[in-house]
Structure formats: structure tokens, C-alpha cells
Amino acid sequence: MRKTIIAGNWKMYKTIKEGQELVNALNRELYNLQNLDIVVCPPYTLLSCLADMLTESNIALGAQDLFWEEEGAFTGEVSAQMLKDAGCQFVIIGHSERRQYFAETNGSVNKKLKAALKHALTPIVCIGETLKEREANSTFKVLEGQLTGGLSGINQEEAARIVIAYEPVWAIGTGKTATSAQAEEAHKYIRDLLAKLYDLETAESIRLQYGGSVKPENISELMQQPDIDGALVGGSSLRADSFGDIARKAAGVLKS
Ligand code: 13P
């Protein structure tokens, strides 16, 4: 049994006051929800103050990125240790927006992944194809490259601690969700590949999230797919009502 994981990627939204209001509302909405991981990933500026508000909560804190060095002259960067110190348990790595706008590569994803694992942060590694790649029928090839490159040198025990988010780039922020069949097809491919890279037991234990225009209206159908274990939510995570609905609906889907 894989534990459902619903994470909100706030991207570059929310001031400190707005973030505190959202977390207050989420604490009220979700305090009695159990048996799933709920994570919020705000911008760096909100991490430490939200950590204080989440100490007694069933909601965990994650960051949206990290740098692989421990410390040093790396202006603008934040290390895994600093994220732990600020109260993070999770960290998103290799989001498509970072690949697209900030020159993130499978190589940098790999270094960040190793740094996160070393400091006992749970990494949420994002992979996914662009529309052009899907139309050229190279979705699986792209996923294979991102997965084998990103996870290079990661052993079985480490792999079991990773969450992988399949986020087709064409479905992010566009309102166009992948159909549940398209999402399941990609998730199944990823799990089969993990079984080849590691073994069946490890592949079966790794949680796979879907991301891309997840809303209260489509979460239940997505969650009913056998290889979808949760969601990485962008736009709909910015409001307590929609993120709350998504978490509750996801928690309501019993998986075998
Ligand atoms: P949207 O839910 O806004 O499409 O964003 C998805 C995403 O990028 C989550 O990381």
C-alpha cells in the first residue's frame, strides 16, 4: 500500500500575510484528515514562519527547489541543510518551469536529489514531456531520459524514499488535464521503468504523483488509476477551498 500524497506547489505566489491566512484556513479545513500526506510548498520567504504554524498540524512543509552545495559563495541559493533548518520535510526538484526558465538539467536534478536525500528531505522529482515531444511520439523516450539521468547513482534504498511527479508540460497551468488514461499510461511506464532500474518491490513502493491542472473536479478520477498515488497541485493549491476539496477527495479514494 502506498500512502497518498497531495502537495501544493504555490510557485511564486503569496506574501507572508497571504500565506499565513491560507495555512490557517487549511489547518481548519484539513485537521481531521488522516492516512495521507498533505504538503504545502510555498516560496522560501514563507518557509520558516509557516513551519511554526504547522508544528501541531497534519500538513507538512516543502520547498520548491534547493542547491546541492552545503554552503558557500553561491549568491541567491539555498541548501538542503537550510531547508531542514527552516522546517521542511519535502523539496520539489526539477520542476518543468525550472528546466524551462532556469536551465535545470537532468544532471543538476541528480545533484540536487543526492543533496536532498543526504539531508533526509523527501524529494519530489518532476518529469514530463512538452506538447511537441508528445506529438512527436517521444513521451516515453523523454521520461526515460529524465528518469535515468535524474536518478543516476541512486541506490534502491534511496530510490524508495523518492516521490516522482509526472507533470506533462502541456497540462501545466493550461486548464488542459491529461485524461486519466493518458496519465495512467505514463505512470505505468514510469513504474515499469523503475522496476527495470531497481526491482519490482522498490518500484511498487515509490509514490507517483500526477500534476497539471488538477482540480476538485478531476482528482477522484485521476486517483482511481492504479499507478496514480497523489497529485502535485499548482493553481488549485492557492485557495483553501479547492486544495481542501482535492485533499479530501483524494483521501476518499481507497486504493488496493
Ligand atoms: P497547475 O495545477 O496550475 O496546472 O500547475 C501544476 C504544477 O506545475 C504543479 O507543480
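**Figure 1. Gly235 and its backbone contact with the ligand.** A backbone N or O atom of Gly235 lies 2.8 Å from an oxygen atom of the ligand. Taken alone, the ligand exposes 300 Å², and the protein buries 94% of that. The model shown here and in the other views is predicted.

**Figure 2. Lys11 and Gly173 at the ligand.** Lys11 uses its side chain: a polar atom of it lies 2.9 Å from an oxygen atom of the ligand. Gly173 uses its backbone instead, with an N or O atom 2.6 Å from an oxygen atom of the ligand.

**Figure 3. The shell around the ligand.** Asn9, Lys11, His95 and Glu167 are among the surrounding residues. Ala171, Ile172 and Gly173 also belong to the shell. So do Gly212, Ser213, Leu232, Gly234 and Gly235. By class, the shell holds 3 nonpolar, 7 polar and 2 charged residues.

**Figure 4. Ser213, a shell residue with a positive phi.** Ser213 is one of the residues around the ligand. It sits in the loop that links β7 (207–211) to α11 (219–223). Its phi is positive, about 55°, although Ser213 is not a glycine. Most residues other than glycine have a negative phi. Is Ser213 buried or exposed? Ser213 counts as buried because its relative accessibility is 16%, and the cut-off for buried is under 20%.

**Figure 5. Ala103, a loop residue with a positive phi.** Ala103 is found between α4 (96–101) and α5 (106–118), in the loop. Ala103 is not a glycine, yet its phi is positive, at about 55°. Its relative accessibility is 63%, so Ala103 counts as exposed; the cut-off for exposed is over 50%.

**Figure 6. The protein chain as the setting for the close-ups.** The chain has 12 helices and 8 strands. Its C-alpha atoms fill a box of roughly 45 × 45 × 35 Å along the principal axes. How does the radius of gyration of the protein chain compare with that of a compact globule? The chain has 17 Å, and a compact globule with 256 residues would have a value near 18 Å, so the two agree. Buried residues make up 55% of the 256 residues. Among contacts with a separation of 6 or more, 73% come from residues 24 or more positions apart. The accessible surface of the chain comes to about 11,800 Å². Carbon and sulfur atoms account for 50% of that surface.

Notes. Residues are numbered from 1 along each chain as its sequence is written. This is a predicted model: local features need pLDDT of at least 70, side-chain atom pairs count only at pLDDT 80 or more; totals for chains, interfaces and linings use all residues. Side-chain values use heavy atoms; hydrogens and water are left out. A residue is near a molecule or strand if one of its heavy atoms lies within 4 Å of it. A polar contact is a pair of N or O atoms within 3.5 Å; within protein, one must be able to donate a hydrogen and the other to accept it, and residues adjacent in sequence count only if both atoms are side-chain atoms. Accessible areas come from the Shrake-Rupley method with a 1.4 Å probe; for residues, only the protein chains shown count as cover. Ala, Val, Leu, Ile, Met, Phe, Trp, Tyr, Cys and Pro count as nonpolar, Asp, Glu, Lys and Arg as charged, and the others, Gly among them, as polar. Helices (H or I, at least four residues) and strands (E, at least two) are DSSP runs, numbered from the N terminus. The radius of gyration is taken over C-alpha atoms; the globule rule is 2.2 Å times the number of residues to the power 0.38. Buried means under 20% relative accessible area, exposed over 50%, partly exposed in between (1.4 Å probe, protein chains only). Contact means heavy atoms within 4.5 Å.
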